[in-house]
Amino acid sequence: MTRAGDTAAEELGRVQGGPAPGRRHRVVITGLGAVTPLGPSVTELWQGMLEDHCGVHTLIDEEFADQPVRIAATAPDPAPLLPRSRARRMNRAAQFAVLAAREAWRDAGLDPEGTLASGLLAHRVGVSMGTIIGGTPVMVASDRKLREKGPRGVSPLTNPMTVPSQAASQISLDLHITGEARTVTSACASGTEAIGQAVDRIRHGHLDVVVAGGAEAVITPVVMASFAAMRALSTRNDDPAAASRPFDRNRDGFVCGEGAGVVVLESEEHARARGARIYCEAAGWGLSADAHHIAAPDATGAGVALALRRALHDAGTDASAVAHVNAHATATVEGDRAEALALCEVLDGQTAYGAVPITANKGHVGHMQGAAGGVEAIVTALTLHHGVIPPTLGCEEPEEGLGLDVVTGAARALPEAADIALSNSFGFGGHNAVLALRRTG
């Protein structure tokens, strides 16, 4: 029963064990976790970025022998890092997701046993994960078994391991999170949008903590063959380390990557009450749709520019505050140009820091697709936290006329007074998502 003088929302907040919806809460990042082609930790990701390590290599498995593209950025096998009984019930993307979530959870100063051991209310904690085609490789393998052995050859785990929501549900199971477990599927913008949705769930008082990011594992013959048929992939089979070339004038397509990137988001008051270390504020985010083509980006960059402006508006600021951009930059000819046009339109002559330094991560780790937004949000958060911008690997000759200050060759210091950094993600079908992260003192 509602007490005299209380609103129904306030009473609901008490019953749920947290603040009532209505008041806008600041959201901060307190934990980071990643499994990438540079290694199974954030430390290996960050050091690899700073030291120009490359995770792209030749695929030596026989099933790729006849593929037109035989290079990719594979991550360390996650299965041996999990209990065997758990690993066999997860698709590869979910395995990556659970490992990254565990690292982010520990990094946030929380107990590895999960919510209850950490002193958190399980129903005030959520999961928000992005992925594109989730367990599709499981379905492909099961179809092969059906054809070879008949119905008895198909595992009863096929359907539970195929659904894109498996990564979110497995994190929920692993950390005993009961608030909610969301899945976002918006092509290569999935990880970024998943983080954005998590920001809103905390901002409006529905949850106190959310584990958010993206996971993907689709380096399989059928997926590689399809991307190659689209002429979307780099064909530099003889030089894998130089295949992914964001913003470079000789770029010829992206390189498939895999893994997971996960952050722990909290309301600022919740984080400070438990004495958590804060990397930065998740200040805002923006979405848009190109409504242009099933795969190709709008060459004008108009949709990207709209997402950039919406992210800045949501963060309560404008272009003058932007000191850095972590670009999507897949190294496709059309995609990089459209993003460059949008960045120039929104930022040129508008910032307080002069030309905005741009970096892109896909030369290091390939295009991790549904996981890309999670991993790149981590790199952007670390850029703000450490005040260092990693270089763009593979951009040896920046394309003339793009109008961008691309950080190449070596890391660069972030301006001391830097405020906002943007992390961009764009996907087939015109999905555009941008995160605005703010430096904290």
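A helix here is a DSSP run of H or I that is at least four residues long, and helices are numbered from the N terminus. With that in hand, meet α12, the element that gives the most to the lining of the largest pocket, with six residues. Keep in mind that you're looking at a predicted model. Below is a quick tour of its pockets, its one cavity, a helix, a strand and some salt bridges.

**The largest pocket**

- About 820 Å³ of space sits in this pocket.
- Its lining takes in 40 residues, and those nearest the centre are Met230, Ala232, Phe254, Ala295 and Phe428.
- Helix α12 covers residues 333–347, and it's joined by α9 (221–229) and β14 (420–427) in supplying at least two lining residues each.
- Sort the lining by class and you get 20 nonpolar, 13 polar and seven charged residues.

**The second largest pocket**

- This one has a volume of about 320 Å³.
- There are 17 residues in the lining, with Pro137, Val138, Ala141, Ser142 and Arg144 closest to the centre.
- Three elements give two or more residues to this lining: α5 (136–149), α6 (158–162) and α9.
- Helix α5 has the largest share, at seven residues.
- By class, the lining splits into eight nonpolar, five polar and four charged residues.

**The cavity**

- Search the whole structure for cavities of 30 Å³ or more and you find one.
- The space inside the largest cavity comes to about 30 Å³.
- Its lining is made up of Asn91, Ala93, Ala94, Thr131, Gly134, Gly135, Val163, Pro164, Gln166 and Ala167.
- Helices α4 (92–107) and α7 (166–175) are the elements that each give two or more residues to that lining.
- Five of the lining residues are nonpolar, five are polar and none is charged.

**Helix α14**

- How far apart should the ends of α14 be? The helix has 15 residues (372–386), and at 1.5 Å a residue it should span 21 Å; the end C-alpha atoms are 21 Å apart, so the two values agree.
- Of those 15 residues, 13 are buried, so α14 is largely enclosed by the rest of the structure. "Buried" means under 20% relative accessible area.
- Right after the helix comes Gly387, with a positive phi of about 70 degrees.

**Strand β10 and its neighbours**

- In a regular strand, side chains alternate between the two faces of the sheet.
- Strand β10 (residues 357–360) has Pro357 and Thr359 pointing one way, while Ile358 and Ala360 point the other way, and all of them are buried.
- Strand β9 (residues 322–327) pairs with β10 in the parallel sense, over three bridges.
- Ala360 in β10 has Ala327 standing opposite.
- Strand β12 (residues 405–406) also runs parallel to β10, joined by two bridges.
- Look for Val406 in β12 and you've found the bridge partner of Ile358.

**Salt bridges**

- The structure has 26 of them.
- Arg92 and Asp77 form one, and their closest N and O atoms are 3.5 Å apart. Arg92 belongs to helix α4, while Asp77 is in the loop between β3 (71–72) and α3 (84–87), so the pair ties together parts that are 15 residues apart in sequence.
- Both ends of that bridge are partly exposed: Arg92 has a relative accessible area of 30%, and Asp77 is at 43%.
- Arg86 and Asp174 make another, at 3.1 Å from N to O. This pair links distant parts of the chain, since Arg86 is in helix α3 and Asp174 is in helix α7, 88 residues apart.
- Is Asp174 buried or exposed? Asp174 is buried, because its relative accessible area is 14% and the cut-off for buried is under 20%. Arg86 counts as partly exposed, at 24%.
- Arg274 pairs up with Glu266, and here the closest N and O atoms are 2.5 Å apart. Glu266 is buried at 0% relative accessibility, whereas Arg274 is partly exposed at 29%.
- Some salt bridges join into a network, which links Arg26, Glu268, Arg272, Glu281, Asp419 and Arg438.

Definitions and conventions:
Residues numbered from 1 in each chain as written. Predicted model: local features only at pLDDT ≥ 70, side-chain atom pairs only at ≥ 80, totals over all residues. Heavy atoms only, no water. 1 Å grid on protein atoms, 1.4 Å probe; cavity = no way out; pocket = protein on both sides within 12 Å on 5 of 7 lines; lining within 4 Å. Points joined across faces, edges and corners; volume = space filled by probe spheres on them. Nonpolar A, V, L, I, M, F, W, Y, C, P; charged D, E, K, R; others polar. Expected span 1.5 Å × (residues − 1). Buried < 20%, exposed > 50% of the residue type's maximum accessible area, 1.4 Å probe, protein only. Salt bridge = Lys/Arg side-chain N within 4 Å of Asp/Glu carboxyl O. Pairing = 2+ DSSP bridges.
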